[in-house]
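Here's a quick briefing to read alongside the model. Have the viewer open, and let's start with a bit of terminology before going through the fold.

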Amino acid sequence: MTMCARVRRDDGSLALETVLLAPAMMAFVALVVFGARVSLAQQAVQVAANDAARSASIERTQAAAIASSSRSASATLTTQGLECRSVDVAVDASGFNVELGQGASVTSSVTCVVSMGSLSMMGIPGEITITRTASSPIDSYRER
């Protein structure tokens, strides 16, 4: 037998490799897409928390600060293009009770339940909850 006769044929090996590697590659792509969507959602919720705290800090009363904070957070999430199943805005506006001349701040916490429905058939959970918090100082010498 010559050396050429011993050479193995590899007919069909490409199809076998594709069948074995395709699920792994699809899982990797799904993981990258999921990571990107979570990262963008976290960023949008952080921006909403920042905007909520800032809008609350420029109001004159505690009640107006709480109302303004909720409106601002919802508007920012809409502007960012993030669709939340539910949004909860918690505001600590106790800084409005501090005497003039004293340092005070407003803290807002935004919680958004984000649907991952379009990725659920890839084995990714249906929704995730993202919570971000931000603070903004209240002008120490402004009338409250």
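A salt bridge here is a side-chain nitrogen of Lys or Arg within 4 Å of a carboxyl oxygen of Asp or Glu. With that in hand, a search of the whole structure turns up one salt bridge. Keep in mind that this is a predicted model.

**Overall layout**

- The protein has two helices and three strands, and from the N terminus on they come in the order α-α-β-β-β.
- The chain has 144 residues, and 30% of them count as buried.
- Take the contacts between residues at least 6 apart in sequence: 66% of these join residues at least 24 apart.
- About 9,300 Å² of the protein is exposed, with carbon and sulfur atoms supplying 58% of that area.

**The salt bridge**

- Which residues make the salt bridge? They are Arg-85 and Glu-127, whose closest N and O atoms sit 2.8 Å apart.
- This pair ties together distant parts of the chain, since Arg-85 belongs to strand 1 and Glu-127 to strand 3 (residues 127-138), 42 residues apart.
- Is Arg-85 buried or exposed? Arg-85 has a relative accessible area of 56%, so it counts as exposed, the cut-off being over 50%.
- Glu-127 comes in at 40% relative accessibility, so it is classed as partly exposed.

**Helix 2 and its two sides**

- Helix 2 covers residues 62-80, which makes 19 residues. From first C-alpha to last it reaches 27 Å, close to the 27 Å expected at 1.5 Å a residue.
- Its buried residues are Ala-65, Ser-68, Ser-69, Ser-72, Ala-73, Thr-76 and Leu-77. Looking down the axis of helix 2, you'll find these within an arc of 160°, which means that they line one face of the helix.
- What do the buried residues of helix 2 pack against? Their partners are helix 1 (13-57), strand 1 (84-92) and strand 2 (104-115).
- On the face of helix 2 turned away from that buried side, the exposed residues are Ala-63, Arg-71 and Thr-78.
- After helix 2 comes Gly-81, which has a positive phi, near 80°.

**Two helix 1 residues to click on**

- Ser-55 lies in helix 1. Its relative accessible area is 12%, so Ser-55 is buried, given that buried means under 20%.
- The side chain of Ser-55 reaches the backbone oxygen of Ala-52, at 3.1 Å.
- Setting aside residues up to four places away in sequence, Ser-55 touches Ser-68, Ser-69 and Ser-72. Those three serines are among the buried residues of helix 2.
- Ala-44 is also part of helix 1. With a relative accessibility of 4%, Ala-44 counts as buried too.
- Which residues does Ala-44 contact, leaving aside neighbours within four places in sequence? They are Leu-77, Gln-80 and Leu-82, and Leu-77 is one of the buried residues of helix 2.
- For a long-range pair, try Ala-44 and Ile-130: they are 86 residues apart in sequence, with their C-alpha atoms 9.9 Å apart in space.

Conventions. Residues numbered from 1 in each chain as written. Predicted model: local features only at pLDDT ≥ 70, side-chain atom pairs only at ≥ 80, totals over all residues. Heavy atoms only, no water. Helix = DSSP H or I, 4+ residues; strand = E, 2+ residues; numbered from the N terminus. Expected span 1.5 Å × (residues − 1). Buried < 20%, exposed > 50% of the residue type's maximum accessible area, 1.4 Å probe, protein only. Arc of directions from axis to C-beta. Contact = heavy atoms within 4.5 Å. Areas by Shrake-Rupley, 256 points an atom, 1.4 Å probe, with all protein chains shown as cover. Polar contact = N/O pair within 3.5 Å; in protein donor to acceptor, adjacent residues only side chain to side chain.
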